[in-house]
Amino acid sequence: MTSKQTELEKLAQIQSVALDALSGVVDLDALEAWRVTHLGRSSAVMAVFSSMGSIDKELRPLMGKAANEVRQALEAALEEKRQTLEAVALKQSLEVEKLDITLPGRPVTRGRLHPLTQVLRQITQIFGDMGFQVYPSPEVETDDFNFTYLNMPPYHPARDMWDTFYTTKDGVLLRTHTSPGQIRVMRARAPEPIRVILPGATMRYEQLSARSEIEFVQVEVLVVGKQVSFAEMKGTLDDFARRLFGEDARTRLRPSHFPFTEPSAELDVGCFVCNGEGCPVCKETGWLEILGCGMVHPLVLEYGGYDPTIYSGFAAGMGVDRSTLMRYRIDDIRHFRNNDVRFLKQF
Ligand code: PHE
């Protein structure tokens with residue numbers, strides 16, 4: 001038989017052990033473990049309750065009351081600790097997630113269009129306003145389209161005007177100009193009238209320099225119909241030049257030669273740098289060449305499927321790179337394809 005004194009001491013002991021352990025609990029997980037150990041079904045307090053039967057009858061109420069007090073004390077301590085720990089946890093999560101709304105934002109950098117694309121779009125817009133359509137044509141061409149159908153049969157010396165990249169496949173090359181597209185659009189449209197531009201990349205086997213690249217962009221212009229005249233060509237190209245370079249841009253048409261046009265000419269605009277006085281950029285002439293043009297050669301019309309006794313047409317080919325250099329006074333054509341952001345950011 002146990003004495004009342006010993007039983008009460010045991011309860012006090014249970015309480016102090018549990019509270020001791022509670023003071024070492026630092027987070028909510030450990031608190032739950034503490035609850036299971038000290039208040040759970042197999043805890044020491046609970047064992048006191050289940051052993052009540054073996055206690056002296058007179059002692060039972062006293063012991064029951066004492067055990068209840070211990071359990072309530074532990075539960076109260078548990079609750080208090082839970083509140084403290086929850087407050088700490090909340091504070092920590094606020095620390096971690098805190099947002100400094102006074103920090104300046106990260107700059108969002110925007111991309112921009114390449115200067116060549118910008119000028120190409122302006123050119124397309126101008127011709128679009130004049131009623132021209134855009135007609136796509138391939139960058140890899142056959143010898144026939146690039147030369148033969150443009151009145152340069154095999155072994156014709158005029159082919160030397162274009163330094164050509166040939167492929168390993170016989171008769172296949174990288175187009176040296178957009179003119180082969182003339183034949184393609186004519187064959188697709190004959191005998192309907194045509195008013196198109198053909199923009200795109202062209203390739204030449206050139207020595208790289210400030211003025212020449214192996215890849216550049218051209219825009220071909222083609223008009224075919226009944227009674228299309230040289231005067232219409234001049235009017236169209238003059239108008240175009242003024243829309244692209246400004247109302248007071250001066251132009252001149254200079255006789256030239258291309259195998260696929262007859263007669264042929266080149267269009268110059270007054271030099272922007274020296275205003276026609278003469279400077280290194282225009283090689284002291286006061287003029288800058290922007291395109292080649294002429295009346296479509298009868299043989300070329302025929303290759304395209306048009307009867308040259310009924311139809312006539314004019315064509316022009318301009319270098320977009322050259323025009324862009326002039327518009328923005330860029331000193332070296334190689335900047336365009338270097339992908340140097342310091343250059344590209346300026347446009
Ligand atoms: N294809 C010629 C060139 O690349 C330009 C041109 C086009 C000339 C159309 C006349 C007519 O140089």
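Trainee: What makes the pair formed by Ser179 and a nitrogen atom of the ligand a polar contact?

Mentor: A polar contact is a pair of N or O atoms within 3.5 Å. A polar side-chain atom of Ser179 lies 2.8 Å from a nitrogen atom of the ligand, so the pair qualifies. Keep in mind that this is a predicted model, where local features need pLDDT of at least 70, side-chain atom pairs count only at pLDDT 80 or more, and totals for chains, interfaces and linings use all residues. Residues are numbered from 1 along each chain as its sequence is written, and side-chain values use heavy atoms, leaving out hydrogens and water.

Trainee: Which ligand atom does His177 approach, and which does Gln218?

Mentor: For His177, a polar side-chain atom is 2.9 Å from a ligand nitrogen atom. For Gln218, a polar side-chain atom is 3.0 Å from a ligand oxygen atom. The protein covers 93% of the 320 Å² of accessible area that the ligand has on its own (Shrake-Rupley method, 1.4 Å probe).

Trainee: How do you know which residues surround the ligand?

Mentor: A residue is near a molecule if one of its heavy atoms lies within 4 Å of it. 15 residues surround the ligand, and Arg204 and Gly317 are among the closest.

Trainee: What makes β9 stand out in the shell around the ligand?

Mentor: β9 gives the most, with three residues. β9 spans 312–319, and β5 (215–225) and β8 (287–296) also supply at least two residues each. Strands here are DSSP runs (E, at least two residues), numbered from the N terminus.

Technical notes: Polar contact = N/O pair within 3.5 Å; in protein donor to acceptor, adjacent residues only side chain to side chain. Helix = DSSP H or I, 4+ residues; strand = E, 2+ residues; numbered from the N terminus.
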